[in-house]
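The exercises below concern one protein model and its ligand. Please attempt each task before reading its solution.

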Amino acid sequence: MAEWSIEEAEKLYGVSRWGGGYFTIGENGNVHVTPVPADPSIRIDFKAVLDEIRDEGVQFPVVVRFHDVLRSQVANLNTIFRDTIAEAEYNGQYHGVYPVKVNQMREVVEEIVDAGEPFNYGLEAGSKAELITVLALNTNEESLTVLNGYKDEEFMKLALLGRKLGRRIVVVIEKYSELTLLVKTAKELGIEPIIGMRSKMTVKGRGKWESSGGERAKFGLTIAEILKAARYLREEGMEHCFKLLHFHIGSQLTDIRSVKEAMTEGARIYAELHKLGFPLDYVDVGGGLGIDYDGSASTNESSRNYNMQEYVADVVYGMKEVCDQEGVPHPNLVSESGRAITAHHSCVITEIVGEIRSDMAEVDTTPVDGEHVFVRNIRELCETFDTQTNMQEVFNDASQWKEQAMDAFKLRVLSLDELGKIETLYWRIMIRLRDYYSTADYVPEEIQGLDYSLSSQYLANFSVFQSAADTWAIDQLLPVVPVTRMNEKPDVNCSLVDITCDSDGKIDQFTVGREITDILPMHKLKKDEPYYVGLFLTGAYQDVMGDMHNLFGRLNEVHIYSYDDDPQDFYIEEVVKGSSVQDVLEIMQYNPRAMASDVKRMIDRQISSGNLNPREAVKWTDFYENCLSGYTYMKTRS
Ligand SMILES: *Cc1c(COP(=O)(O)O)cnc(C)c1O
């Protein structure tokens, strides 16, 4: 067996490249978590977390949340803004807000609000339901609440209620007609609003979300509309309410150049408005701060060519430069980073429950009298070729014979037994070809596909649609690695398939080394030892966007807090139960209680007709009811 080390594992799985300082591979080959990078003495072995989850009887798959990671990210962003502002001698302050749409879970939002308290970190809402949420949660009068999204009169009234409660609520106008509605509602109620305007930017972010910018952007006012709106406010005697300029050019900005360009454009608009007699207090630069999902630190779609520090510097210095040139005051800066705050704090842990491979079963291929010439041919090929043979020809012949064999089978010339033999021999040849080419300098194109066709599919107990929606919807790449055994040389090439009855329910995009590939090296499954795979960086969007395809519901959640005095450095603060079968059925308008009594009635009928004895019948009734209240995922061990 070749050499293997933690360094090799790190090269292959890139854990510290995408881990953001929170995840590494420990000496023992398990994922280790450093939830507070500033305090590396706290180090959690993920295996210990999994053991405790199992001991507590929590079923997999689970979402594991590291609350300290969330807190660390909030502190990071705010501290970096503060430090950069001081260093740049920038005269405004930073008033960040967390956009709740990125992860609206109560525990997540509460933790962010709590960790953000010393920084007066606020919240952003983009719908009525989100506004109702943030009204109750954000009680810090110094922090901002920013309202984006399309708004009706009720929405405006809720915002004005917030003003009455003494809160700094900014209504951002997304389209012109919202302004007249807001002015009318505010005047009727006699409450003064704080108004922001979202500018439609000409600069586009690059990557998957680039349509958030440009002329066809769904949100925002054109320059002409902003001018018209500002003058309208002046006519209404409300120009002093216009306090914020907003822009957002898209999520996951991959290239720092778009941040720089947006800053210049936004700062120029701010400065000109100032000169026209509209002295705004705030410029809100939106979200977009990216995450390095593939660890390449590049402009790949799932990466970004900058870090948080560089992003903040471009925002602060970009604004300062334009303001100083124009001779206008530095505005307070607002940003709405959601992905960057939440992505790292949670992950999905799933257990591999099986392996699917085309070459798994073999039949006896010893020659028999009167067998078909196809079987004889492919056997001869299999037995005679060696390194001196033209391998390309072997591949072509074997593939052709297998195809012809299928045709012959359909024409009733070959028997099922003979077809089985041909299949077995074919895969034996392919395995040898793959092994031969694994050390070759040049690999023909057809042969390159062999790695994939000979790879295993590891069946993972989860649903892509519930837990990793963006990998399916927009081909987003998420880091996927085994949580343990990384000190062993991986010996199986795999892709992952989930347990939904949908061929799209799979993950076949991975970062391996420096490349993005369709197979991930993993480890052979052992009989008595569960093999856990983690999907990391699922805290932004994935956590909350999933659906119930095939009626697989929400996952059990385990909330981890670090605790230095504990021998393992952590404790489970809370287990939030995922959906039961009953829960998901109720959402789909079923009545589980009625269903249970219907089934009981059917069982009772079988007793009357003598097909079931009463004792057995009671057991079946209980069994059905237990399943109804049980977890929607596969039960792997009791
Ligand atoms: C979605 C959204 C955000 C969050 O963007 P991230 O890239 O996740 O930081 C911020 N602002 C607005 C207006 C949004 O729609």
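**Exercise 1.** In this predicted model, determine in which loop Pro 61 is placed, and state what form the peptide bond from Phe 60 to Pro 61 takes, cis or trans.

*Solution.* Step 1: Pro 61 belongs to the loop between α3 (46–55) and β4 (62–66). Step 2: for the bond that runs from Phe 60 to Pro 61, omega is near 0 degrees, and the bond is cis. Step 3: as a general background, most peptide bonds are trans.

**Exercise 2.** State the sign of phi at Ala 297 and at Asp 569, and locate the two residues in their loops.

*Solution.* Step 1: Ala 297 is not a glycine, yet its phi is positive, about 50 degrees. Ala 297 is found in the loop between β11 (282–284) and α11 (308–326). Step 2: Asp 569, likewise not a glycine, has a positive phi of about 70 degrees. The loop that holds Asp 569 is the one between β22 (556–562) and β23 (570–576). Step 3: for reference, most residues other than glycine have a negative phi.

**Exercise 3.** Describe the open sheet formed by β1, β2 and β3, and identify the residue of β2 that stands opposite Phe 23.

*Solution.* Step 1: the three strands are arranged in the order β1-β2-β3, with antiparallel pairing. Step 2: β1 (23–25) and β3 (44–45) are the edge strands, each of which pairs on one side only. Step 3: between β1 and β2 (residues 31–33) there are three bridges in the antiparallel sense. Step 4: the residue of β2 opposite Phe 23 is Val 33.

**Exercise 4.** Characterise the surroundings of the ligand: which pocket holds it, which residues come nearest, and how much of its area does the protein bury?

*Solution.* Step 1: the largest pocket is the site of the ligand. Step 2: there are 15 residues around the ligand, and those that come nearest are Lys 101, Ser 251, Glu 336, Gly 338 and Tyr 541. Step 3: by class, the shell consists of three nonpolar, eight polar and four charged residues. Step 4: individual distances may now be listed.

- Lys 101: a polar side-chain atom is 2.7 Å from an oxygen atom of the ligand.
- Gly 338: a polar backbone atom lies 2.7 Å from an oxygen atom of the ligand.
- Tyr 541: an N or O atom in the side chain lies 2.6 Å from an oxygen atom of the ligand.

Step 5: the ligand taken alone exposes 390 Å², of which the protein buries 92%.

Note on methods: Residues numbered from 1 in each chain as written. Predicted model: local features only at pLDDT ≥ 70, side-chain atom pairs only at ≥ 80, totals over all residues. Heavy atoms only, no water. Pairing = 2+ DSSP bridges. Helix = DSSP H or I, 4+ residues; strand = E, 2+ residues; numbered from the N terminus. Near = heavy atom within 4 Å. Polar contact = N/O pair within 3.5 Å; in protein donor to acceptor, adjacent residues only side chain to side chain. Areas by Shrake-Rupley, 256 points an atom, 1.4 Å probe, with all protein chains shown as cover. 1 Å grid on protein atoms, 1.4 Å probe; cavity = no way out; pocket = protein on both sides within 12 Å on 5 of 7 lines; lining within 4 Å. Sits in = over half its atoms within 2 Å of the grid points. Nonpolar A, V, L, I, M, F, W, Y, C, P; charged D, E, K, R; others polar.
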